[in-house]
Amino acid sequence: MLNLVLFVCLQEKEAKKEAFRKYLESSGVLDALTKVLVALYEQNDKPSSAVEFVQQKLGGPSLSEYEKLQAEMSDLQIRYNELLAVHQETCSQLEAIKNTQREASSKENVEGEHPTENL
């Protein structure tokens, strides 16, 4: 009985592996990886970083480009946070001005004046 359970589990794992392999093949991943690995194999002077070579061949940024992009993203995040704080402060000021105008308008109406009388 235990052997049967193990056999079924093994079949399920193999079926999952096969489905994943077919997915990789149909999406072109296997072909792209094969081409990159062949290009790496055919290099007379092997690159110091095989991973960076693969990344570049697949269209990704180099390590230095990635670090530069990370720094730029960090700077932009800081600038965004600064602008967001300024925006929130400006909105608060605008709301305060609106409230002041409403209060002034309410006082005029309470005193019997109508805003249109002055026109």
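The structure holds 6 salt bridges, as seen in what is a predicted model. Three of these contacts are described here, beginning with those around Arg 21. The side chain of Arg 21 meets that of Glu 18 in a salt bridge, with an N to O distance of 2.6 Å. Arg 21 also forms a salt bridge with Glu 25, again at 2.6 Å from N to O.

Helix α1 provides the setting for both contacts. Arg 21 and Glu 18 are 3 residues apart in helix α1, so about one helical turn separates them. Arg 21 and Glu 25 likewise both belong to helix α1, where they are 4 residues apart, about one turn of the helix. As for solvent exposure, Arg 21 has a relative accessibility of 36% and therefore counts as partly exposed. Glu 18 is partly exposed too, at 32%, and Glu 25 falls into that class at 48%.

A further salt bridge is found in helix α4, which spans residues 63–110. Here Arg 79 pairs with Glu 82, and the closest N and O atoms are 3.6 Å apart, a distance that still satisfies the 4 Å cut-off for a salt bridge. Arg 79 and Glu 82 are 3 residues apart in this helix, about one turn. Arg 79 is partly exposed, with a relative accessible area of 45%, and Glu 82 is partly exposed at 42% relative accessibility. Returning to helix α1, salt bridges that share partners join Glu 18, Arg 21 and Glu 25 into one network.

Aromatic side chains come next. A search of the whole structure gives 1 aromatic pair. The pair consists of Phe 20 and Tyr 23, whose ring centres are 6.1 Å apart and whose planes meet at 35°, so the arrangement is tilted. Both residues lie in helix α1, which covers residues 2–26, and they are 3 residues apart, about one turn of the helix. Another ring, that of Tyr 41, has a charged neighbour: Lys 46 lies over the face of Tyr 41, at 5.8 Å from the ring centre.

Finally, the surface carries a nonpolar patch of about 460 Å², made by Met 1, Leu 4, Phe 7 and Val 8. Among these residues, Met 1 is placed in the segment before α1. With a relative accessibility of 80%, Met 1 counts as exposed, because the exposed class begins over 50% relative accessible area.

Methods:
Residues are numbered from 1 along each chain as its sequence is written. This is a predicted model: local features need pLDDT of at least 70, side-chain atom pairs count only at pLDDT 80 or more; totals for chains, interfaces and linings use all residues. Side-chain values use heavy atoms; hydrogens and water are left out. Rings of Phe, Tyr and Trp (its six-membered ring) pair if their centres lie within 6.5 Å; planes under 30 degrees apart count as stacked, over 60 as edge-to-face and the rest as tilted. Helices (H or I, at least four residues) and strands (E, at least two) are DSSP runs, numbered from the N terminus. A charge sits over a ring if NZ of Lys or CZ of Arg is within 6 Å of the ring centre and within 35 degrees of the ring normal. Patches are made of residues with over 30% relative accessible area and no salt bridge: like charges are joined within 9 Å, nonpolar side chains (Val, Leu, Ile, Met, Phe, Trp, Tyr) within 5 Å. Accessible areas come from the Shrake-Rupley method with a 1.4 Å probe; for residues, only the protein chains shown count as cover. Buried means under 20% relative accessible area, exposed over 50%, partly exposed in between (1.4 Å probe, protein chains only).
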